[in-house]
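Work through these exercises with the sequence and the model open side by side. Try each task before you read its solution.

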Amino acid sequence: MTTSKLTKKTYLIIGGIGGIGRAMVEQIISNKDNKVFATYYRNVPDIEADNLHWLPMDVSSEESIKQAIDEIKKHSDHIDWVVNCVGLLHTEQSQPEKALRQIETDFFMQNMQVNALAGLLIAKHVKLLLAKSERSNAHPAIFATISARVGSISDNQIGGWYSYRMSKAALNMGMKNLSIEWGRSLKEVCIVVMQPGTVNTQLSAPFQSNVADGHLFSPAYSAECLLEVLSGMSADQTGSFVDWAGESIPW
Ligand SMILES: NC(=O)c1ccc[n+]([C@@H]2O[C@H](COP(=O)([O-])OP(=O)(O)OC[C@H]3O[C@@H](n4cnc5c(N)ncnc54)[C@H](OP(=O)(O)O)[C@@H]3O)[C@@H](O)[C@H]2O)c1
């Protein structure tokens, strides 16, 4: 791509050490004119660059989100793009449900907290930094979250994965709502939820056996496609749910 399009901006990549998030960080820092803040959770970051600043952030804690963003404010008066690459599908203890009898409250609530609520809390705390981005309709500030096609209610053909599907559907509604609110109070910010494709990361690893040949993306390819789609977004497109190729996904 296109990394040439990702120039002279200040980025916040949340979940910058996950599969897709890490690939995004690597691609964006390769342009030295960019400034990148990236967050990590359990794994200690192993990428270093002069234009990269790591911060710890547990998105299930509002205090942790606030602390990381307060730290950014000491180094930058604005953020141009926020991309939230955090997500939860399974844990060491729990797998996504195949049937109703497998629903467990703790796992359900963990999905809702990490996949759905976190996006709103990040938006709440990062709003003032986005407000100071120099932006226009053609070149808006970006607030993007990686969602999932399985969060589409109308696209649901096979069921299962209650906690993940419901949390991504809730994320989508939260971001749609936010696009309406910020369409009034913080114009020229484009809010997007995205399907990254089926990507070869630890999140999808247990579920890759049914993926057709050639349909499992590398994290680098997915990140490149997602960044390309975002770089073409105008503020008018706020409230979009799109895939890695920029195609709209029904809610
Ligand atoms: N891979 C796919 O095929 C696929 C398909 C559709 C949608 N997605 C979505 O794409 C996004 C990126 O996923 P990925 O495939 O790159 O998976 P990944 O490699 O597992 O990355 C997910 C990241 O989320 C972080 N995370 C989990 N809980 C967190 C918390 N409480 N606070 C902060 N960070 C936390 C993980 O950190 P730790 O590793 O330290 O726990 C990890 O870095 C997710 O939203 C996922 O739902 C992926």
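**Exercise 1: Two unusual backbone angles**

Glu188 sits in the loop between α4 and β6 (189-195). Helices (H or I, at least four residues) and strands (E, at least two) are DSSP runs, numbered from the N terminus. Residues are numbered from 1 along each chain as its sequence is written. The model is predicted: local features need pLDDT of at least 70, side-chain atom pairs count only at pLDDT 80 or more, and totals for chains, interfaces and linings use all residues.

Task: find the phi of Glu188. Then decide: is Glu188 buried or exposed?

Solution.
- Step 1. Phi of Glu188 is near 65°, a positive value in a residue other than glycine.
- Step 2. Most residues other than glycine have a negative phi.
- Step 3. Apply the cut-offs: a residue is buried if 20 or more other C-beta atoms, placed from the backbone, lie within 10 Å of its own, exposed if 12 or fewer, and partly exposed in between.
- Step 4. Glu188 has 21 other C-beta atoms within 10 Å, so Glu188 is buried.

Task: do the exercise again for Trp161, in the loop between β5 and α4 (162-185).

Solution.
- Step 1. Phi of Trp161 is near 55°, again positive in a residue other than glycine.
- Step 2. Trp161 is buried, because 22 other C-beta atoms lie within 10 Å.

**Exercise 2: The faces of helix α2**

Task: compare the span of α2 with the expected span, then sort residues of α2 by burial.

Solution.
- Step 1. α2 covers residues 62-73, which is 12 residues.
- Step 2. From first C-alpha to last, α2 reaches 17 Å, close to the 16 Å expected at 1.5 Å a residue. The expected span is 1.5 Å times one less than the number of residues.
- Step 3. Ile65, Ala68, Ile69 and Ile72 are buried in α2.
- Step 4. Seen down the axis of α2, these buried residues fall within an arc of 95°, so they line one face of the helix. The arc is that of the directions from the helix axis to the C-beta atoms.
- Step 5. An α-helix has 3.6 residues a turn, so residues three or four places apart point the same way.
- Step 6. Glu63 and Asp70 are exposed, on the face of α2 turned away from its buried side.
- Step 7. Glu71, also in α2, is partly exposed, with 14 other C-beta atoms within 10 Å.

Task: which elements do the buried residues of α2 pack against?

Solution. They pack against β1 (10-14), β2 (35-40), β3 (52-56) and α3 (105-131). Two residues are in contact if their C-beta atoms, placed from the backbone, lie within 7 Å.

**Exercise 3: The nonpolar core**

Task: which members of the largest nonpolar core touch the most other members? A nonpolar core is a set of buried Ala, Val, Leu, Ile, Met, Phe, Trp, Tyr and Cys residues joined through C-beta atoms within 7 Å.

Solution.
- Step 1. The largest nonpolar core has 65 residues.
- Step 2. Ile13, Met24, Val82, Ile142 and Val192 touch the most other members.
- Step 3. α3 gives this core its largest share, 8 residues.
- Step 4. Leaving out residues up to four places away in sequence, Met24 touches Ile13, Val83, Cys85, Ala223 and Leu227.
- Step 5. Met24 is also one of the buried residues of α1. That helix is mostly covered, with 9 of its 11 residues buried.

**Exercise 4: Around the ligand**

Task: which residues come nearest to the ligand, and which elements each supply at least two residues of its shell?

Solution.
- Step 1. Of the 29 residues around the ligand, Gly18, Gly19, Arg42, Gly87 and Leu203 come nearest. A residue is near a molecule if its C-beta atom, placed from the backbone, lies within 6 Å of it.
- Step 2. α1 (19-29) and β7 (198-199) each supply at least two residues.
- Step 3. α1 gives the most, with 3 residues.
- Step 4. The shell divides into 15 nonpolar, 12 polar and 2 charged residues. Here Ala, Val, Leu, Ile, Met, Phe, Trp, Tyr, Cys and Pro count as nonpolar, Asp, Glu, Lys and Arg as charged, and the others, Gly among them, as polar.
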